[in-house]
Amino acid sequence: MLKSHSCGELNKEHLGQTVALAGWVDRRRDHGGLIFIDLRDREGIVQVAFNPEVSKSCHRVANRLRSEYVVRVKGEVVKRPSGTENPRLPTGEVEVTAHEVEILNPSRTPPFYINEEIEVEENLRLRYRYLDLRRAGMRENIMLRHRVVKFIRDFLDAEGFIEIETPILIKSTPEGARDYLVPSRVQPGKFYALPQSPQQLKQLLMVAGMEKYYQIARCFRDEDTRADRQPEFTQLDLEMSFVEDEDILKLMERLFTALVTTIKPDAKIATPFPRFSYDDVMNRFGSDKPDLRFGLEIKDLSDIAAQSAFDIFTAAIAEEGKVKGVLVPGCASYSRKQLDDLNQLARSHGAGGLITIALGGAESGSLEKLTADMVHSVAAKFLTLEQVKAMAERLEASLGDLLLIIAGTARTVNEALGALRQEVGQRLKLADPNTLAFAYVKNFPLLRKNEETGRWEPEHHPFTRPWDEDEPLLEKTPEKMRGKHYDMVCNGFEIGGGSLRIHTAKLQRRVFRLLGYTDPQIDDRFGHMLEAFEYGAPPHGGIALGIDRLVMLLAGRETIREVIAFPKNQSAVDLTFNAPASVTEEQLAELHILLREEE
RNA sequence: GGCCCCGUGGUGUAGCGGUCUAACAUGCCACCCUGUCACGGUGGAGAUCGCGGGUUCAAAUCCCGCCGGGGUCGCCA
């Protein structure tokens with residue numbers, strides 16, 4: 001090794017020792033006579049002093065040092081002269097007096113700051129990701145990710161799980177997301193698909209008798225990106241035999257509680273994780289992945305609205321819809337523009353419009369002081385003061401608050417108000433950034449009707465086991481079937497989902513038939529699963545957790561790109577490598593591929 | 001594909017019809033400086049204001065189109 005110690009580990013205990021260090025020049029301070037550099041490596045920073053009275057040649061070399069030069073220094077760890085200690089550096093009580101120095105490699109001036117946490121345009125960071133990763137924030141994120149994954153592996157190992165790798169080149173299936181395809185050279189005209197998740201493979205491992213499997217698995221989905229989604233991502237994929245759903249939920253709860261208390265001891269985390277039904281979260285939070293760090297629950301105002309003379313309300317109720325609302329505390333004096341923004345958000349989530357009711361202006365106080373001329377709303381003249389007060393009371397509002405009300409079908413109203421609730425929570429900074437509010441959402445419907453195609457589609461995936469008592473409904477009223485499916489949510493993100501699985505060929509075939517497949521199609525696409533289920537498949541279930549999202553939350557970041565070493569951008573391009581890229585005609589020919597002309 | 005936001009020296013920002021021959025900070029280069037640590041000081045180089053078109057006597061600034069980036073809806077079993 002070119003180094004005997006890490007820069008960041010030196011302290012008083014090393015006083016008097018001669019050490020060899022190697023790292024990058026974080027900063028240089030040239031006093032003419034005396035030169036200091038902050039030498040940085042993965043573990044931290046230590047000050048190196050170049051004194052011409054100690055070594056003239058070292059001092060001459062130090063004159064040439066610039067940011068990001070790679071250097072090796074040999075010298076003595078000495079106590080800093082009293083009064084010159086730097087309490088902001090962990091190594092700040094000591095410094096290294098250079099006796100020998102060697103420039104291992106110079107560096108061009110970097111295109112952005114390595115030594116400061118100033119925000120830089122993301123595409124520039126991604127183009128020079130290897131420099132971006134040198135920055136303290138990114139280095140901490142990547143190291144945090146390592147600790148998280150290591151903790152998970154150790155924990156599951158102790159729980160009797162075995163890690164098994166599954167193929168990356170598998171088979172395209174018709175369900176789910178768009179597949180990434182890989183052409184076969186050996187089998188002309190045929191394609192592998194990259195796994196969207198190892199779902200079927202892990203179920204086959206259960207049939208194989210592995211009983212407790214997990215994998216830190218890379219998954220691929222060719223869909224549009226988001227802040228929390230990119231084409232390839234990492235899941236903790238896990239499956240167990242002979243379990244009930246609570247066995248899995250409790251295991252995950254223990255894992256996450258231990259993980260957070262070990263790796264992020266300052267974070268607040270509530271246990272046991274609350275369990276909500278799907279209907280419950282949709283009605284109360286308007287989302288199947290609610291942020292539970294703040295209240296502002298959605299309330300049903302239909303009974304009050306039905307009494308009003310407001311057409312928009314009464315018409316919605318007449319059509320078996322709902323009128324519901326959400327509170328915006330202290331925002332009665334919102335401007336026209338601010339209200340328009342909220343209206344637009346509601347419309348973008350399918351609402352016909354948004355009714356706002358401002359209770360007074362900047363003043364605050366109890367509702368009792370509310371008078372008719374203090375109510376500001378397009379609906380004001382259609383509502384009695386009593387009706388406004390009744391709605392305000394239900395939403396637990398006081399003077400100076402703003403009410404957001406939407407009328408329409410139950411689903412649209414919930415989803416639009418859910419989006420507004422999330423937006424308001426963010427604007428008013430209601431969510432404590434130091435809290436991790438985990439929860440489970442259960443009792444999802446098994447199926448959902450695709451309004452465009454008229455076909456039944458799985459809410460989760462076609463292997464989810466229905467509730468036993470709902471099985472007879474399969475061919476009669478599929479919409480009423482509930483699935484043994486559960487999601488894990490945290491702070492407004494879905495960080496995982498799983499289910500108990502169907503383990504008999506008979507039931508599995510019935511589900512596929514309901515999804516619109518003919519028997520020959522089922523045998524062609526899923527025959528391997530059905531056949532496996534006929535050879536003693538144990539009851540089993542599992543879960544998959546998004547590692548990127550989890551680490552993002554633990555790191556307090558806004559996008560998963562901040563916790564992925566080499567992520568893709570919104571256009572699914574890797575800017576470090578410029579992938580995807582064209583290939584040669586020879587490569588295409590070998591793969592039996594002819595590119596289409598497109599206009 | 002729709003909607004919203006952004007694009008000004010290397011980096012981060014300001015400027016939002018004329019005083020812009022584009023400002024500030026930092027970085028970079030040169031010189032000075034022996035206890036600094038975001039060292040300090042003096043001087044210097046560095047930008048056809050993303051691209052194209054239009055409006056105007058006059059455009060970084062207003063309008064249109066395109067490109068690039070981000071967020072989001074659709075999509076994501």
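What is the sign of phi at Gly-209, the residue that follows helix 5? Gly-209 has a positive phi, near 85 degrees. Before we go further, a word on ground rules: this is a predicted model, where local features need pLDDT of at least 70, side-chain atom pairs count only at pLDDT 80 or more, and totals for chains, interfaces and linings use all residues. Residues are numbered from 1 along each chain as its sequence is written, chains are lettered from A and ligands numbered from 1 in the order in which they are written, and side-chain values use heavy atoms, with hydrogens and water left out.

Back to helix 5, then, which spans residues 199-207 (helices are DSSP runs of H or I with at least four residues, strands are runs of E with at least two, and both are numbered from the N terminus). Seven of the nine residues in helix 5 are buried, where buried means under 20% relative accessible area, exposed over 50% and partly exposed in between, using a 1.4 Å probe and protein chains only. Those seven are Gln-199, Gln-200, Lys-202, Gln-203, Leu-205, Met-206 and Val-207. They pack against strand 9 (212-220), strand 10 (232-241), helix 14 (519-533) and strand 24; contact here means heavy atoms within 4.5 Å.

Strands 9, 10 and 24 take us into an open sheet of eight strands, with mixed pairing and the order 6-9-10-24-23-22-19-12. Two strands pair if DSSP finds at least two bridges between them. Strand 6 (162-163) and strand 12 (275-277) stand at the edges with a single partner strand each, so one side of each has no neighbour in the sheet. Further in, strand 23 (residues 493-500) and strand 24 (residues 540-546) run antiparallel and are joined by five bridges, and Gly-497 sits opposite Ala-544 in strand 24. Over at strand 12, helix 7 (residues 278-285) lies across that strand and strand 19 (438-442), running at about 85 degrees to strand 12. That angle is between N-to-C directions on a scale from 0 to 180 degrees, with axes fitted to C-alpha atoms, for helices over the stretch in contact.

Now for the RNA. There are 52 residues around RNA strand B, and Asp-30, Glu-53, Thr-84, His-460 and Arg-561 come nearest; a residue counts as near if one of its heavy atoms lies within 4 Å. Sugar and phosphate make up 53% of the atoms of RNA strand B that come within 4 Å of the protein. Strand 1 (18-30), strand 2 (35-41) and helix 2 (122-127) each supply at least two residues of this surface. Looking at individual atoms, an N or O atom in the side chain of Tyr-113 is 2.6 Å from a sugar or linking oxygen of RNA strand B, and a polar backbone atom of His-461 is 2.7 Å from a sugar or linking oxygen. Ser-197 goes for a base instead: a polar side-chain atom of Ser-197 lies 3.0 Å from a base nitrogen.

Last stop: the loop between helix 15 (547-555) and helix 16 (585-590), which holds Glu-562 and also Lys-568. Glu-562 is buried, with a relative accessible area of 12%, and its side chain makes a polar contact with the side chain of Arg-125 (3.1 Å). A polar contact is a pair of N or O atoms within 3.5 Å; within protein, one must be able to donate a hydrogen and the other to accept it, and residues adjacent in sequence count only if both atoms are side-chain atoms. Lys-568 is buried too, at 16%, and its side chain makes a polar contact with that of Glu-232 (3.0 Å).
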